[in-house]
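Trainee: Please take a close look at the ligand site and what surrounds it. I would like one connected account.

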Amino acid sequence: MLAQTPPMGWNSWNTFGPEIEESLIRETADAFLCEGLKDAGYEYVVIDDLWEADARVNGRLTWDQDKFPAGIPALAEYVHSKGLKFGLYSCAGTHTCGRKPASFGYEEVDAWTFAEWGVDFLKYDFCFVPPGVDGPSLYRKMGQALRATGRPILFSICEWGMNKPWKWGASVGGHMWRTTGDIADSWESIVHIGFERQAGLEPYAGPGHWNDPDMLVVGMYGKGNVARGGCTDAEYRSHFSLWCLLAAPLMIGCDVRHMTGATREILLNREAIAVNQDALGRQGYRVGKVDYAGEIAEVWAKPLVDGSIAVGLFNLGNMSGRLIGVAWESLGLDDRRPCLVRDLWAHEDIGVFTGDFTARVDSHDVALVRITPQR
Ligand code: GLA
């Protein structure tokens, strides 16, 4: 059974866009091991668009020879030799978003090709779908074709939320589906995609099928394909905290061969990852939001399998040191119940509280805590 917890890995698009080639992918797989990403749970190494040659050969997709001289199957083998999984990209339309040949009308042959090459993950995009063609039916076709190969291939639906894929994604064989358009490396994009667009989608996620608010921009610092000014470490910390609470797939988008200390601390935060990967598989929900003249604070909560609750107190405004609190009652807890509160970024217990907990949170930062009811 695939994706029993949200998929974790890396995807080439956010930083590299068209600038992909086989040594980058090999070095990225190496970095999974030497940087501790694999140990932390990151598993899939995914090549996004623009790996393809300009035309099919004998009706089959093939790779760009300049970028991948040794070929995609050899690269998949290299990734597998590191104990990792290998992902690739195609599109439900006639062409990919980067105008390369795509899988419309070739679903079966392409699924077999991917299986033969050793692909474990397929991201399936939505550009150049002929007008009048029903989008969801194209995902159903590819879902069936992948299953027919007999190879377990994680099916990542990238339809940008156009036809509400949270309603049909799981039934066509999808393990995750994008809920919005593309993320960019800016705080505005994180707020729009993460805070504004995910609330309410929580009933649709669960083991085997997840809402996907797009790949992480943590650690990009304004460099790369989707860079739009970059973010501060506090903003990346908030972004990662929210994605963990949302039980979102954690697909890294930065260059993992060159991470800063702060990027490592964020992407390798085991306590935050444990919230994301919790076996209950519940997507977090928005507990509350206050907006005083644009100074927005939000509280999100994710129930965990041991009866504790992960809570994020987010300061989306410009004030520093703002007080943000959460009442037990709003979490469905008895307000007389003493609870241990642990700070998941400082990695220390803050203390035992009864009724509520309040933290001081700087601008665009977060307090991410785990609240555990005591006997
Ligand atoms: C679309 C997708 C992106 C990326 C590009 C590739 O925009 O949403 O995530 O895959 O296509 O061309």
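**Cavity, ligand shell and disulfide**

Mentor: Start with the lining of the largest cavity: Asn 11, Phe 121, Lys 123, Ser 156, Met 176, Arg 178, Asp 212, Asp 214, Met 215 and Met 251. Two elements each give two or more residues to this lining, β4 (121-125) and β6 (176-178). Keep in mind that the model is predicted. The space inside the largest cavity is about 60 Å³. The count of cavities of 30 Å³ or more is 1. By class, the lining holds 4 nonpolar, 2 polar and 4 charged residues.

Now the ligand. Its surroundings include Trp 13, Tyr 89, Gly 98, Cys 158, Trp 160 and Asp 182. Lys 123 and Arg 178 are also around the ligand, and both appear in the cavity lining too. The rest of the ligand shell is Asp 48, Asp 49, Cys 97 and Asp 125. Sorted by class, the shell has 5 nonpolar, 1 polar and 6 charged residues.

Three aspartates deserve attention here. The side chain of Asp 48 puts a polar atom 2.6 Å from a ligand oxygen. For Asp 49, a polar side-chain atom is 2.9 Å from an oxygen atom of the ligand. Asp 125 has a side-chain N or O atom 2.8 Å from a ligand oxygen. On its own, the ligand has 310 Å² of accessible area, and the protein covers 93% of it.

Cys 97 leads on to the next feature. This residue is in the ligand shell, and its sulfur atom is 2.2 Å from that of Cys 127, with which it forms a disulfide. The disulfide count is 1. A disulfide is a covalent bond between the sulfur atoms of two cysteines. The two partners are 30 residues apart and link distant parts of the chain. Cys 97 sits in the loop between β3 (85-91) and α5 (107-117). Cys 127 sits in the loop between β4 and α6 (135-149). Why is the disulfide of Cys 97 and Cys 127 right-handed? The torsion about its S-S bond is about 100 degrees, so the disulfide is right-handed.

Notes. Residues numbered from 1 in each chain as written. Predicted model: local features only at pLDDT ≥ 70, side-chain atom pairs only at ≥ 80, totals over all residues. Heavy atoms only, no water. 1 Å grid on protein atoms, 1.4 Å probe; cavity = no way out; pocket = protein on both sides within 12 Å on 5 of 7 lines; lining within 4 Å. Points joined across faces, edges and corners; volume = space filled by probe spheres on them. Helix = DSSP H or I, 4+ residues; strand = E, 2+ residues; numbered from the N terminus. Nonpolar A, V, L, I, M, F, W, Y, C, P; charged D, E, K, R; others polar. Near = heavy atom within 4 Å. Polar contact = N/O pair within 3.5 Å; in protein donor to acceptor, adjacent residues only side chain to side chain. Areas by Shrake-Rupley, 256 points an atom, 1.4 Å probe, with all protein chains shown as cover. Disulfide = S-S within 2.5 Å.
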